[in-house]
Amino acid sequence: MNDTSHHDHDHVHDHESPAVKRKFLFLLGSARTGGNTETLAREAAAQLPATVEQRWLRLHDVPLPAFDDRRHGEEGHTAAPARSLPAGNERILLDATLEATDLVIASPLYWYSVSADTKLYLDYWAGWLQLGEEVRFRDRMRGKTMWALTTTSHDDTAKADPLLGTLRLSAEYMGMEWGGDVVGHGNRPGEIRTDTDALAAAKGLFASAM
Ligand SMILES: Cc1cc2nc3c(=O)[nH]c(=O)nc-3n(C[C@H](O)[C@H](O)[C@H](O)COP(=O)(O)O)c2cc1C
C-alpha cells in the first residue's frame, strides 16, 4: 500500500517537472570561419556535459533570402494570411530553433550590433510568428534560454551594449530566459586567445545550465 502511494507520488512528480534534456543550438553569425567569436563559443561548449546535446549551424552556410514581410497581407489587411510551412534553409533553421531548449547566438560585433546574417535570422522570427497552429512559434519559444557571445575590436566592452540589448530585448519579447553573455576583445582571428578574461568567462558561461 505504502509502496503504491510512493510510486504514485513519484509518477505525479515526474509528470509535473520532467527532466527536460537540454539541447543547445549554436548559431555562428560571423562572415568568416574560425573567427574569435567561434573560438569563444567552442570554449564555452567544451564545458557542457556529454548529456547535453549540441548542434552547430553556421548561418553563412544556410543562407536565407532577403526577408519578405508578409505579415499583413497584400493589401495591408491586419488579418495575417495563413502561411505555408517554410522549406529549404528556412525550414532547417526553423526546425533547429524549435528543437533547441537553448539558443546560443555567437555573433561578432558588426557596426555595434549583430552581424547581418544573425539579424536576418532574427527577422525571420517575425514571419515564423505568423505560421499559426501548426507551428505555434510563440508558445514554443517561451521558456527557452538565449545566450550570447560576441567579439569587439574595441577595448571598451560597453561598445557591445547595442548587440546585447538587441538580443536581450528580443528574448524578452519572446518570453525567453536570458542565460548570460560573454564579450571578448580581438580583431584578427586568434587574437581572442590573448583575452584570458573572456576565455575564462566563456568557460563558465553555461555553468548555470549544468
Ligand atoms: C562588417 C564589420 C563590421 C564591424 N564593426 C565593428 C564594430 O562596430 N565595432 C567593433 O568593435 N568591431 C567591429 N568589427 C570588427 C570585428 O568585430 C572583429 O574583427 C571581430 O574580431 C570579428 O569577430 P570574428 O573573428 O568572430 O569574425 C567589424 C568587422 C566587420 C567585418
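**Entry 1: contacts along the chain**

I started with contacts between residues at a separation of 6 or more, and 80% of those in the chain join residues 24 or more positions apart. A note to myself: this is a predicted model. I then checked burial, and buried residues come to 30% of the 210 in the chain.

**Entry 2: helices and strands**

I counted the elements and got seven helices and five strands. Reading from the N terminus, I wrote their order down as α-β-α-β-α-β-α-α-β-α-β-α.

**Entry 3: the sheet**

Next I looked up how the strands pair. In what order do the five strands of the open sheet stand? I read it as S2-S1-S3-S4-S5, and the pairing is parallel. Strand S2 (53-58) and strand S5 (177-185) are at the edges with a single partner strand each, so each has one side without a neighbour in the sheet. From one strand to the next, I get an average twist of 15°.

I zoomed in on strand S3, residues 102-106, and found five bridges joining it to S4, with the two running parallel. Here alanine 106 sits opposite leucine 149 of S4.

I also followed helix H7 (residues 196-204), which lies across S4 and S5. Its angle to S5 is about 155°.

**Entry 4: the core**

I went looking for nonpolar residues packed together. In soluble globular proteins, nonpolar side chains tend to be buried together. The largest nonpolar core in this model has 36 residues. Which of them have the most contacts inside the core? I noted Leu27, Leu40, Val104, Ala106 and Leu149. Strand S1 (residues 23-28) gives this core its largest share, five residues.

Ala106 and Leu149 were already in my notes as the pair standing opposite each other, so to speak old friends by now.

I picked valine 104 for a closer look. Setting aside neighbours within four places in sequence, I listed its contacts as Phe24, Leu25, Phe26, Leu27, Ala41, Trp147 and Leu149.

**Entry 5: around the ligand**

Last, I turned to the ligand and found 19 residues surrounding it. The closest are Ser30, Gly35, Thr37, Pro108 and Thr152. Two elements give two or more residues to this shell, helix H2 (36-45) and strand S4 (145-152). Which element gives the most? That is H2, with three residues.

I sorted the shell by class too: 10 residues are polar, six are nonpolar and three are charged.

Key. Residues numbered from 1 in each chain as written. Predicted model: local features only at pLDDT ≥ 70, side-chain atom pairs only at ≥ 80, totals over all residues. Near = placed C-beta within 6 Å. Helix = DSSP H or I, 4+ residues; strand = E, 2+ residues; numbered from the N terminus. Nonpolar A, V, L, I, M, F, W, Y, C, P; charged D, E, K, R; others polar. Pairing = 2+ DSSP bridges. Axes fitted to C-alpha atoms, helices over the stretch in contact; angles between N-to-C directions. Contact = placed C-beta atoms within 7 Å. Buried ≥ 20, exposed ≤ 12 C-beta atoms within 10 Å, placed from the backbone. Core = buried A, V, L, I, M, F, W, Y, C linked by C-beta atoms within 7 Å.
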